[in-house]
Amino acid sequence: MEKDDNNNNNQSGKKRPLSATTSETTTKQQKQQSQVLYLEEGLFAVNKPLGWTSQDVVGKLRHILEDDAKIRGAPDPRTKKRRPWMKVGHGGTLDPLATGVLVCGVGSGTKNLQKYLVGSKSYRAEITLGYQTSTLDADVKGEIVEEKSYDHVTSYELIEKVLPDFTGNIQQIPPVFSALKRDGKRLYELGRKGQTAEDLKIEPREVTIYDLKLIQKEDDKESKKPIQTFCIEVECGGGTYIRSLVRDIGIALGTVATMTQLERTKQGQFFLDHCLPYSSTVLGTVATMTQLERTKQGQFFLDHCLPYSSTVEEVKHDEEGRIIFDKRKDCDWTVSTINEAIRDCRENILQNNNDDDGLRSSNKE
């Protein structure tokens with residue numbers, strides 16, 4: 001009997017196999033994950049793809065996260081099923097033809113987006129002289145509404161002389177093709193019906209330009225060739241339209257101008273290097289404007305707005321000129337990369353900049 005008791009004691013004291021322990025731990029983790037809606041909450045930034053609206057980005061992120069939540073069997077806190085299951089938002093609209101830093105929030109992070117809407121942002125823009133479109137940019141839906149000679153613009157020194165007039169607090173007329181409202185309707189809806197800024201009597205409003213500079217190029221004093229295309233860097237307050245700024249610079253130079261490329265390089269503490277990158281089977285890996293190879297001094301061309309793996313001919317457009325690709329499938333963002341971006345932001349960006357959010361606002365001036 002004593003021997004049997006010892007055997008029983010030995011059996012009860014045996015360690016369970018490692019595989020069993022690992023399996024139980026995994027099961028426990030899965031159960032814990034299924035009990036929460038968000039695996040990570042907070043802020044992060046993405047490099048907004050060419051051709052996407054800012055809401056396209058939000059919709060894509062929400063689709064990825066909600067699909068994962070369903071697979072995990074996460075709880076549904078909604079009282080009305082028509083509302084989005086997960087809270088996802090962005091901190092400042094970028095036009096479809098613009099790329100660059102777009103600050104996004106997930107879960108509780110959406111509560112912190114308001115300051116990014118009104119705070120300062122930095123951009124790099126390409127200006128092309130000689131014509132102006134109805135949209136003030138290179139959107140294929142826009143029509144050329146005015147053409148004017150730029151033969152007298154033969155030096156970068158001449159361009160630099162007009163830029164100080166557009167710094168500080170200035171009056172700016174927003175573009176017709178914008179999301180601003182007039183009598184309950186978006187201006188771009190009225191613009192599509194042929195109404196102009198003069199028809200709509202759009203009033204100028206005050207915006208702030210903190211810094212404006214030409215991306216310097218040396219003048220070729222011997223050639224004196226007209227300069228059609230050049231680039232500027234802008235840091236401005238919320239509500240500033242770079243398209244309008246480009247239009248006004250063209251007028252100041254005695255000609256007309258159109259914005260042919262735009263990239264947001266900074267928003268708050270977020271720079272391009274902090275952004276979740278984007279890769280597409282249609283557009284390839286998106287390069288930043290600073291990475292694009294220049295074929296002529298001071299000039300960028302439309303084919304260089306697209307990544308090296310694509311050409312203008314390869315990109316298809318619909319009848320309204322929008323780039324065609326399946327936004328739900330044509331993107332390499334995943335739950336893991338999104339959550340990793342949120343963690344990286346929390347640990348390496350926000351935590352290291354507690355005293356400076358990188359946003360110039362009126363209460364800090």
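**Cores, helix H8 and an aromatic cluster in a predicted model**

A search of the whole structure finds zero disulfides, a disulfide being a pair of cysteine sulfur atoms within 2.5 Å. This is a predicted model, in which local features need pLDDT (the predictor's confidence in each residue, from 0 to 100) of at least 70, side-chain atom pairs count only at pLDDT 80 or more, and totals for chains, interfaces and linings use all residues. Residues are numbered from 1 along each chain as its sequence is written, and side-chain values use heavy atoms, with hydrogens and water left out.

Trainee: Which cysteine has the sulfur closest to that of Cys-104?
Mentor: Cys-104 is buried, with a relative accessible area of 0%, where buried means under 20% relative accessible area, exposed over 50% and partly exposed in between (1.4 Å probe, protein chains only). The closest cysteine sulfur is 9.1 Å away, too far for a bond, and it belongs to Cys-275.

Trainee: In which element is confidence highest, and in which is it lowest?
Mentor: The protein chain averages a pLDDT of 77, and 64% of the residues score at least 70. Over residues 284–314 pLDDT stays under 50, and where pLDDT is low, the predicted coordinates should not be read in detail. Helices (H or I, at least four residues) and strands (E, at least two) are DSSP runs, numbered from the N terminus; among them, confidence is highest in H8, at 96, and lowest, at a mean of 46, in strand S15.

Trainee: How many residues of H8 are buried?
Mentor: The buried residues of H8 include Ile-242, Leu-245, Ile-249 and Gly-250, and for Gly-250 the relative accessibility is 0%. H8 is largely enclosed by the rest of the structure, because the buried residues number nine of the eleven.

Trainee: How many residues does the largest nonpolar core have?
Mentor: A nonpolar core is a set of buried Ala, Val, Leu, Ile, Met, Phe, Trp, Tyr and Cys residues joined through side-chain atoms within 4.5 Å. In the largest one, the residues with the most contacts inside the core are Leu-212, Phe-230, Ile-232, Ile-242 and Ile-249. The elements giving two or more residues to this core include strand S4, strand S10, strand S11 and helix H8. A second, separate core has 26 residues, Trp-85 and Leu-102 among them, while the largest core has 30.

Trainee: Which residue has its backbone nitrogen 3.0 Å from a polar atom of the side chain of Gln-172?
Mentor: Gln-172 is in strand S7 and is buried, with a relative accessible area of 1%. Leaving aside neighbours within four places in sequence, Gln-172 is in contact (heavy atoms within 4.5 Å) with residues including Glu-203, Arg-205, Ser-244 and Asp-248. The backbone nitrogen that lies 3.0 Å from a polar atom of its side chain is that of Tyr-241.

Trainee: What is the geometry of the pair formed by Trp-52 and Tyr-278?
Mentor: Rings of Phe, Tyr and Trp (its six-membered ring) pair if their centres lie within 6.5 Å, and planes under 30 degrees apart count as stacked, over 60 as edge-to-face and the rest as tilted. The structure holds three aromatic pairs; in this one the centres are 5.6 Å apart and the planes at 70 degrees, so the pair is edge-to-face.

Trainee: How far apart in sequence are the parts that this pair ties together?
Mentor: Trp-52 is buried, at 0% relative accessible area, as is Tyr-278, at 2%, and together with Trp-333 they form one aromatic cluster. Trp-52 lies in the loop between strand S1 and helix H3, and Tyr-278 in the loop between strand S13 and strand S14, so the pair ties together parts whose separation in sequence is 226 residues.

Technical notes. A polar contact is a pair of N or O atoms within 3.5 Å; within protein, one must be able to donate a hydrogen and the other to accept it, and residues adjacent in sequence count only if both atoms are side-chain atoms.
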